Amino acid sequence: MSLQTPRVLPAHLHAFHPSNANPHVTNTVRILGTVTALRGDTATITCGDNGDVTLILKPDSHLQMGKLVEVVGKVTDVEGQGLGVRVLGSFDWGNPSDCGMLFPSFLDRELWLMVVL
């Protein structure tokens, strides 16, 4: 059986928190965003107009400011900041401006989510 890793928006992290009453829901998710802050063992990614997510980094994480990244991780509580994601792995998609063909402007974000999910 493979591990399910749904791609989510910041507003939906609560549905994947370990305290969720549904035992069939995984707390491992994927989230896509641009790295906007790096501070020690944490980072912040901005997910377009959908908000920011705090990441708890692994010691060998190699995120770069301004890069578009997809993160796979577990939803967790971040002290003083609500929910965040503890990084298990990440993939660098490069510069957001180079990904214009991936996110055509004629697609609104709900339609884009239906296409990629």
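Guide: Two residues are in contact when heavy atoms of theirs lie within 4.5 Å. Keep that cut-off in mind. This model is predicted.

Visitor: What does Thr-54 touch, leaving aside its neighbours within four places in sequence?

Guide: Thr-54 sits in strand E3. By the 4.5 Å rule, Thr-54 is in contact with Thr-42, Ala-43, Thr-44, Val-78, Gln-81, Gly-84 and Val-85, its neighbours within four places left aside.

Visitor: Why is Thr-54 called buried?

Guide: Buried means under 20% relative accessible area. Thr-54 has 11%, so Thr-54 counts as buried.

Visitor: What makes the pair Thr-54 and Gln-81 a polar contact?

Guide: The cut-off for a pair of N or O atoms is 3.5 Å, and one atom must be able to donate a hydrogen, the other to accept it. The side chains of Thr-54 and Gln-81 are joined at 2.7 Å. That value is within the cut-off, so the pair qualifies.

Visitor: Which residues does Val-53 meet, beyond four places in sequence?

Guide: Val-53 is in contact with Pro-10, Leu-13, Ile-31, Ala-43, Thr-44, Ile-45, Cys-47, Gly-84 and Val-85. Val-53 also belongs to the largest nonpolar core, which has 18 residues. Ile-45, Val-53 and Leu-55 touch the most other members there.

Visitor: Which elements build that core?

Guide: Strands E1 (28–39), E2 (42–46), E3 (52–56), E4 (68–78) and E5 (82–94) each give two or more residues to the core.

Visitor: Why is E4 called mostly covered?

Guide: Nine of the 11 residues in E4 are buried. Each of those nine is under 20% relative accessible area, so the label fits.

Visitor: How do you know that E4 pairs with E1, and in which sense?

Guide: Pairing takes at least two bridges. E1 and E4 have seven, so they pair, and the sense is antiparallel. One of the partnerships sets Arg-30 against Val-72 in E4.

Visitor: How many bridges join E4 to E5?

Guide: There are 11, and the two strands run antiparallel. At least two would do, so E4 and E5 count as paired. Val-72 appears again here, opposite Gly-89 in E5.

Visitor: What links E4 and E5 in their hairpin?

Guide: Three residues lie between the strands, and Gly-80 takes a positive phi near 75° in this hairpin.

Visitor: What makes E1 and E2 a pair?

Guide: Five bridges join E1 to E2, which run antiparallel. The requirement is at least two, so E1 and E2 pair. Thr-34 stands opposite Thr-46 in E2. The hairpin of E1 and E2 has two residues between the strands, and Gly-40 takes a positive phi near 60°.

Visitor: What is the pattern of the whole chain?

Guide: The chain reads β-β-β-β-β-α along the sequence. That is one helix and five strands. Of the 117 residues, 38% are buried.

Visitor: Where is confidence lowest, and where highest?

Guide: Helix H1 (residues 109–116) is lowest, at a mean of 48, and E3 is highest, at 96. The chain averages a pLDDT of 82.

Visitor: Why should I be careful with the end of the chain?

Guide: Over residues 110–117, pLDDT stays under 50, and the model has seven contacts beyond four places in sequence there. Residues 104–108 also stay under 50, with one such contact. Where pLDDT is low, the predicted coordinates should not be read in detail.

Methods: Residues are numbered from 1 along each chain as its sequence is written. This is a predicted model: local features need pLDDT of at least 70, side-chain atom pairs count only at pLDDT 80 or more; totals for chains, interfaces and linings use all residues. Side-chain values use heavy atoms; hydrogens and water are left out. A nonpolar core is a set of buried Ala, Val, Leu, Ile, Met, Phe, Trp, Tyr and Cys residues joined through side-chain atoms within 4.5 Å. Buried means under 20% relative accessible area, exposed over 50%, partly exposed in between (1.4 Å probe, protein chains only). Helices (H or I, at least four residues) and strands (E, at least two) are DSSP runs, numbered from the N terminus. pLDDT is the predictor's confidence in each residue, from 0 to 100.
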